[in-house]
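Subject: Structure for your review

Dear colleague,

Please find below the structure that I am handing over to you. My findings follow directly after it.

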Amino acid sequence: MKVSTAFRSLLCVLSLTAAALVLPAAPAPAAASTLREITNFGANPSALRMYLYVPTTVTANPAVVVAVHYCHGDGVAFFNGSQFATLADRYGFIVVYPSVTQASDQCFDVSTSASLTHGAGSDSQGIVSMVNWVKANYSADAGRVYATGVSSGAMMTEVLLGAYPDVFAAGSAFAGVPFGCFAVNPDALRWSDDCAKGRVTRTPQEWGDTMRAAYSGYNGPRPRIQLWHGTNDEILNYVNFGEAIEQWTNVHGISQTPTSTDTPASGQTRTRYTDGSGTVRVEAYSLAGTPHNLPVDAAAAVHFFGLDGTTPTTTTTTTRTTTTTTTTRSTTTTTTTTRTTPTTITTTPTTTTTTTSQGSGGCTAAYSVQSQWPGGFVANVNVTAGSSAIDGWRVSMTLPSGAVLTNIWNGVNSGTSGTVTVANQSYNGRLGAGQTASFGFQGTGTGAGATVSCTAA
């Protein structure tokens, strides 16, 4: 992908170079707790490299986690800079670390029709080949395959889940974009400035159709997904967070209105979207005041996958090494590597929600502060039709003194401070009796104390 110098520098979240043992494809070797490179693992149209971590103690029919690196990274750096291998030691699953070779910026292909189509080629097919190799050689559980990644890796996570719903059970994407958002040219690896800056907005149905077209005729279950995004993301605009929620809730056939909202940690607002049986299909974390370089909570991802409930029966203390072997295998040099934790960004406590609602003319509006931090906030407004259907709505908001609206999604604003009017988009104006649509926005200052009223257009 073509990216700016600033983008390259900002996405170098972790930079650690190490070598890895190169082995031909073969049944599971005896060595463990070592990052190894596997070659000849199957169809690999874009010449990805496959790194594999197998803990000393593995559960029977282990789960597989695919951990996908960021731009200007590689599989070895992501192994060293994240906690997924440590968690694999604890819970007995296997981790695959794909690594880009062909793109100069080492970003994954999330834009071409090949990568965005089931079985059509490019990076997504190569990664699925890695998964199939692990299933064949380690008797891995085909029903417990998961993907996770950061930035470019988060985008690829959504591509894998969207194009291969028959392979992946769930995923966790840290600072990504909706499936297909980067598809500006079906035959070229391209950076999409429109998507990155939040200018690609679609209806939930349109987003869902984009994903469904990736695997035409597929009628099976869709993977669950966990989404993470910072409100101050300067590389992949926060708008992409809301668009991804719309896409995944539509694909799962569930409401875009959260089933629950809470604050599991300082600066975090978590919304959950469940199906009729109460299963969380989409879980979304908004991180207040956080830029693109967000903290990666590997334990939360593993918990969402359901992999922390069964501990291997044998506990073994291991020393993790990265090993280099010559092609003749006559000499082996071992270098011990130290895994570092990505920088954690601290935010001040979130202000949980102050809600007011007023109504006239056939609709009501309810305002809530989703996240609050020094100097800024994220708010949400639910618009609900009254006893009759409406063809459009208009919300008048009086913001607190000093508050300024800086970014809005699912609505069109007039004004940015004081009294602000927000009208519906073309896709969310018509509401049946009792139905609800919502819009959200980011602002500077404080969000507490705003008042809202709604009028049917």
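In this predicted model, the charged end of Arg-202 is placed over the ring of Trp-207, and its distance from the ring centre is 4.4 Å. A second arginine, Arg-224, lies over the face of Phe-304, 4.3 Å from the centre of that ring.

Rings also pair with one another. A pair of aromatic rings is described by two values, the distance of the centres and the angle of the planes. The model holds 15 aromatic pairs. One of them joins Tyr-53 and Phe-79: the centres are 5.7 Å apart and the planes stand at 45° to each other, and the pair is tilted. This pair links distant parts of the chain, as Tyr-53 belongs to strand E3 (residues 49-53) and Phe-79 to helix H2 (residues 75-81), 26 residues apart. Are these two rings buried or exposed? Tyr-53 has a relative accessibility of 0% and therefore counts as buried. Phe-79, also at 0% relative accessibility, counts as buried.

A further pair is formed by Tyr-146 and Phe-305. With ring centres 4.7 Å apart and planes at 15°, the pair is stacked, because planes under 30 degrees apart count as such. Tyr-146 is part of strand E6 and Phe-305 is part of helix H9 (residues 298-305), so the pair ties together parts that are 159 residues apart in sequence. Tyr-146 has a relative accessibility of 5%, which lies under the 20% cut-off, and so counts as buried. For Phe-305 the value is 3%, and this residue counts as buried as well.

Ring pairs also link several residues into a cluster, whose members are Tyr-53, Tyr-70, Phe-78, Phe-79, Phe-84 and Tyr-97.

I now turn to strand E6, the strand that holds Tyr-146. E6 covers residues 145-150 and is mostly covered, with six of its six residues buried. How are the two faces of E6 made up? On one side are Val-145, Ala-147 and Gly-149, on the other Tyr-146, Thr-148 and Val-150, and all of these are buried.

Which strands pair with E6? Strand E4 (residues 64-68) runs parallel to E6 and is joined to E6 by five bridges. In this pairing, Val-66 stands opposite Ala-147. Strand E7 (residues 170-174) also pairs with E6 in the parallel sense, again over five bridges. Here the bridge partner of Gly-149 is Ala-173 in E7. E6 and E7, together with helix H5 (residues 152-163), make a β-α-β unit that is right-handed.

Finally, there is an open sheet with antiparallel pairing. The sheet has four strands, in the order E19-E20-E17-E22. Its edge strands are E19 (412-414) and E22 (451-456), each of which pairs on one side only. On average, neighbouring strands of this sheet are turned by 25° against each other, with direction ignored. E19 and strand E20 (residues 419-423) run antiparallel and are joined by three bridges. One position to locate in this pairing is Val-412, whose bridge partner in E20 is Ala-423.

With kind regards

Key: Residues are numbered from 1 along each chain as its sequence is written. This is a predicted model: local features need pLDDT of at least 70, side-chain atom pairs count only at pLDDT 80 or more; totals for chains, interfaces and linings use all residues. Side-chain values use heavy atoms; hydrogens and water are left out. Buried means under 20% relative accessible area, exposed over 50%, partly exposed in between (1.4 Å probe, protein chains only). Two strands pair if DSSP finds at least two bridges between them. A crossover is right-handed if, with the strands pointing away from the viewer, the path from the first strand over the helix to the second runs clockwise. Rings of Phe, Tyr and Trp (its six-membered ring) pair if their centres lie within 6.5 Å; planes under 30 degrees apart count as stacked, over 60 as edge-to-face and the rest as tilted. A charge sits over a ring if NZ of Lys or CZ of Arg is within 6 Å of the ring centre and within 35 degrees of the ring normal. Axes are lines fitted to C-alpha atoms, for helices over the stretch in contact, and angles run from 0 to 180 degrees between N-to-C directions.
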